[in-house]
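Biologist: Could we go through this model together? I have some short questions.
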Amino acid sequence: MAGQVNLAPDEMRLVACGTGMPTARPKQAVSCWLLELGNGDKFLFDVGTGSNERIAALQIPYNYLDKVFLSHLHTDHFGDLDALFVGGALSGRQKPLRVWGPSGETPERGTKYAIEHLRKALTWDIDGRAGLTDPRGYFIETTEFDYKGVNKVIFRENGVTIRSIPAIHSLDGPVSFIVDWNGMKFVFGGDTYPNKWFAKYAKDADIAIHECFIAVPDMIEKFKFTPQSALSAGTQIHTAPEAFGKMMSIIKPRMAIAYHFFKDFDTSASILDGIRSTYAGPLSLSEDYMVWNITQDEIRVRMARVDGDVWPPPATEKPQLPDPSARIPYSDMINGGRYDVKDVIQPVYDRINKEYGINEKQE
Ligand SMILES: [Zn+2]
Ligand SMILES: [Zn+2]
């Protein structure tokens with residue numbers, strides 16, 4: 001399992017935690033990429049719908065999963081942020097979740113607005129947890145940066161530099177990210193029509209992830225798009241396989257990674273044909289749980305073996321005890337509706353109090 005295999009100090013590891021499309025399916029969550037560095041740092045690029053389950057499968061203590069970079073605010077790229085935020089805090093992230101994302105043309109279309117309002121939408125959820133668990137994880141620190149920034153630094157810590165470049169997708173706002181560490185370059189492209197910034201700044205990357213949408217005929221036949229919307233979504237809002245290949249021929253990465261299509265036995269061939277009509281270099285047609293180990297000398301591509309029956313990994317530090325006085329009480333009306341089961345619960349209290357040397361009492 002990826003989270004349990006140590007990295008060499010000079011190694012990078014990438015795990016695909018979501019490679020599919022906005023339409024949910026069990027086989028593929030949507031855009032989410034875990035980048036782990038030999039210095040111990042871990043970064044999540046996008047947390048698309050369904051990806052939290054993939055992240056959990058890797059059994060990584062949540063204190064390491066506190067940095068998220070969002071390419072844009074489509075739900076297939078950040079729809080599981082709420083699950084990572086609350087579930088992570090509950091499962092051992094004892095610090096705020098840090099989120100980086102682009103501004104928009106108006107404040108309402110920016111990451112700060114989205115996160116503030118997501119946090120507001122979770123008011124009942126978080127209020128209800130007060131006084132019950134370690135409170136330190138229930139905060140989000142948002143860094144919104146200018147979506148028009150071209151190769152501007154948005155993160156620099158611990159020998160890792162992350163820059164952003166604009167993308168062309170749907171509305172102004174989307175971006176791609178470039179990570180430099182230890183003489184290696186990792187590029188994560190969010191959704192985009194092929195763009196000149198990617199062509200320039202992703203050049204010679206060790207790893208270049210770029211979206212590659214499903215082929216137009218499959219969009220019409222399988223997704224039941226009209227030919228008009230299939231052409232527009234599949235080639236103008238997104239990158240068609242032929243255009244993906246053209247971009248990769250320009251930037252010549254050590255490994256090109258394509259995502260954002262349903263990878264089935266009867267869709268992969270047309271995607272591969274499209275890409276291979278314009279690109280002959282190293283290529284991964286990604287799927288969930290694909291793993292890339294990257295050093296200066298070698299890139300190994302494997303599949304992570306995961307277990308469906310996972311539990312939260314152990315926290316990296318001792319949990320802080322909750323403060324019961326922080327609990328928000330029930331109203332008298334609701335509290336008065338308790339059925340009396342104290343007699344059958346008391347043995348549970350007795351056993352746990354004895355076993356752990358504590359003296360807890362029923363409410
Ligand atoms: Zn999108
Ligand atoms: Zn997308």
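Modeller: Strand 5 (97-102) and strand 6 (140-145) pair in the parallel sense over 6 bridges. Strands are DSSP runs of E of at least two residues, helices are runs of H or I of at least four, and both are numbered from the N terminus; pairing requires at least two DSSP bridges. This is a predicted model, in which local features need pLDDT of at least 70 and side-chain atom pairs 80 or more, while totals for chains, interfaces and linings use all residues. Residues are numbered from 1 along each chain as its sequence is written, with chains lettered from A and ligands numbered from 1 in the order in which they are written.

Biologist: Which residue of strand 6 does Trp 100 stand opposite?
Modeller: Trp 100 stands opposite Thr 143.

Biologist: What is the strand order in the open sheet?
Modeller: The order of its 8 strands is 6-5-4-3-2-1-14-15, with mixed pairing. Strand 6 and strand 15 (299-303) are at the edges with a single partner strand each, so one side of each has no neighbour in the sheet.

Biologist: Turning to helix 4, which of its residues are buried?
Modeller: In helix 4 (residues 111-121), Thr 111, Ala 114 and Ile 115 are buried (20 or more other C-beta atoms within 10 Å of the residue's own, against 12 or fewer for exposed and partly exposed in between, with C-beta atoms placed from the backbone). They lie on the same side of helix 4 because they cover an arc of only 95° around the axis, taken from the directions from the helix axis to the C-beta atoms.

Biologist: And which exposed residues are on the face turned away?
Modeller: That face carries His 117 and Lys 120.

Technical notes
Two residues are in contact if their C-beta atoms, placed from the backbone, lie within 7 Å.
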